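Please look through the sequence and the structure shown here, and keep both in view while reading. The report that follows moves from single residues to the whole chain.

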Amino acid sequence: MPELPEVETVRRGLDRSLLRRRLQEVELARHDLRWPIPVAACHDLRGRRCVAISRRSKYLLLHFDGATAPVALVHLGMSGRLWVERRRDLDAWRTHEHWRMHFGPLVLRYADPRRFGVLDVVTGNELGTHRLLCALGPEPLGEEFDAAYLFRRTRQRRVATKLFLMDAKNVVGIGNIYASEICHAAGVRPRRGAHRLSRDDCARLAIAVRTVLSRALAAGGTTIRDYIGADEDTGYFQHELRVYDRAGLPCVACGAAIRQTVDGGRSTYYCPTCQR
DNA sequence: AATCCCCCCTGGTTGC
DNA sequence: TGCAACCAGGGGGGAT
């Protein structure tokens with residue numbers, strides 16, 4: 001499922017397979033996912049070469065050549081999946097498959113049962129002001145995100161630490177699974193008010209963010225090493241989870257029973273002993 | 001401004 | 001076994 005590490009893994013795969021290829025055709029099985037798909041703009045991408053594939057938060061950005069430097073913006077939502085197949089092996093549209101992009105001998109396919117995903121097209125100079133991108137916080141693995149930023153940003157914020165970490169205005173890419181894992185790695189109770197985090201807490205949290213996401217990226221990267229023709233993309237990072245979905249099971253660090261709560265409508269897991 | 005809650009949608013699992 | 005309730009990894013948007 002699409003967490004930031006998986007989106008980045010997909011990006012790397014697309015970089016290897018689609019970069020510098022020319023887009024011949026865009027097929028749309030429907031005209032909306034979470035929001036309307038700009039049909040004309042999609043077809044205007046035909047004949048253009050893909051010159052870069054980048055990622056911002058959990059958005060994949062396919063950059064094309066041309067005067068307007070159009071960019072296809074793709075989000076996988078909760079259940080979206082992207083994969084590449086050889087055109088000669090192409091089969092019928094699958095259930096919940098919503099669009100395809102033909103790049104010479106390869107076809108990029110998108111399926112998304114819940115349709116929480118996004119397909120949009122913007123011009124290069126609109127990227128910075130796009131409504132879905134303009135308010136995003138720093139990348140968790142980038143330079144801007146560190147203990148000092150975390151401490152500064154959490155002052156006056158009474159929201160629970162876990163919810164703070166999941167808010168993309170503060171830092172992008174941390175989903176519900178990783179938020180619990182990060183809090184555990186940092187020894188911080190998920191419900192602790194963000195404003196009550198000490199400088200030391202922020203230092204441990206900043207390290208935990210990088211460590212957890214990096215490890216997950218390594219695991220995801222291994223699993224989806226060559227996803228061309230692959231049917232399954234479930235990573236094996238689930239085997240490295242220390243608290244998520246482990247309610248009642250012993251903490252791997254101290255043996256205490258992992259507890260489960262609900263915060264912001266989503267399940268939270270933590271160790272009552274290791275986390276304060 | 002910060003926070004809370006609801007919603008978009010389908011499918012798998014759980015519990016009666 | 002059947003069926004309904006519940007839950008799911010995201011995240012925008014509106015109300016308070």
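Leaving out residues up to four places away in sequence, alanine 147 of chain A touches Arg199, Cys202, Ala203 and Ala206 in this predicted model. Alanine 147 lies in helix 3, and it counts as partly exposed, because 16 other C-beta atoms are found within 10 Å, where 20 or more would be needed for a residue to be called buried. The C-alpha atoms of alanine 147 and alanine 67 are separated by 41 Å, and these two residues are 80 residues apart along the chain.

Leucine 150 also has its place in helix 3, which covers residues 147-154. Is leucine 150 buried or exposed? Leucine 150 counts as buried, because it has 24 C-beta neighbours inside 10 Å. When neighbours within four places in sequence are left aside, leucine 150 is in contact with Cys202, Leu205 and Ala206. The C-alpha atoms of leucine 150 and arginine 276 are separated by 18 Å, with their positions 126 residues apart along the chain counted as the distance in sequence.

Several of these partners, Leu205 among them, lead on to the nonpolar core. The largest nonpolar core has 69 residues, and those with the most contacts inside it are Leu62, Ile174, Tyr178, Ile182, Leu205, Val209 and Val212. Helix 6, made of residues 199-223, gives the most to this core, with nine residues. The core draws at least three residues from each of domain 1 (4-129) and domain 2 (147-270). In soluble globular proteins, nonpolar side chains tend to be buried together.

Which residues does valine 212 touch, if residues up to four places away in sequence are not counted? Valine 212 touches Tyr178, Glu181, Ile182 and Ala185, and each of these is listed among the buried residues of helix 5. Helix 5 runs over residues 176-186, and because 10 of its 11 residues are buried, this helix is largely enclosed by the rest of the structure. The buried residues of helix 5 include Ile177, Ala179, Ser180, Cys183 and His184 as well. Helix 5 is followed by glycine 187, whose phi is positive, near 70 degrees.

Most residues other than glycine have a negative phi. Two residues of this chain have a positive phi although they are not glycines, namely arginine 20 and alanine 69, and the table sets them side by side.

| Residue | Phi | Loop | C-beta atoms within 10 Å |
|---|---|---|---|
| Arginine 20 | about 70 degrees | between helix 1 (4-18) and strand 1 (25-28) | 10 other C-beta atoms, exposed |
| Alanine 69 | about 45 degrees | between strand 3 (59-64) and strand 4 (71-75) | 17 other C-beta atoms, partly exposed |

A further loop, between strand 7 (106-111) and strand 8 (118-122), holds phenylalanine 116. Phenylalanine 116 is partly exposed, because 14 other C-beta atoms lie within 10 Å. Not counting residues up to four places away in sequence, phenylalanine 116 touches Arg34, Gly77, Met78 and Ser79. The C-alpha atoms of phenylalanine 116 and glycine 80 are separated by 7.7 Å, while the two residues are 36 residues apart along the chain.

Phenylalanine 116 is also one of the residues around DNA strand B, together with Thr95, Pro113, Arg114, Arg115, Gln156, Arg157, Arg158, Val159 and Gly265. When these residues are sorted by class, the surface near DNA strand B has three nonpolar, three polar and four charged residues.

The last step is to look at the chain as a whole. Chain A contains six helices and 10 strands, and it is divided into domain 1 (4-129) and domain 2 (147-270). The C-alpha centres of domain 1 and domain 2 lie 28 Å apart. Along its principal axes, the C-alpha trace of chain A spans about 55 × 35 × 30 Å. How does the radius of gyration of chain A, and what value does it have, fit that of a compact globule? Chain A has a radius of gyration of 20 Å, which agrees with the value near 19 Å for a compact globule, because the chain has 276 residues. Of these 276 residues, 38% count as buried. Among the contacts in chain A with a separation of 6 or more, 63% are accounted for by residues 24 or more positions apart.

How values were computed. Residues numbered from 1 in each chain as written. Chains lettered and ligands numbered in written order. Core = buried A, V, L, I, M, F, W, Y, C linked by C-beta atoms within 7 Å. Buried ≥ 20, exposed ≤ 12 C-beta atoms within 10 Å, placed from the backbone. Helix = DSSP H or I, 4+ residues; strand = E, 2+ residues; numbered from the N terminus. Domains from an automatic or database assignment. Contact = placed C-beta atoms within 7 Å. Rg over C-alpha atoms; globule rule 2.2 N^0.38 Å. Near = placed C-beta within 6 Å. Nonpolar A, V, L, I, M, F, W, Y, C, P; charged D, E, K, R; others polar.
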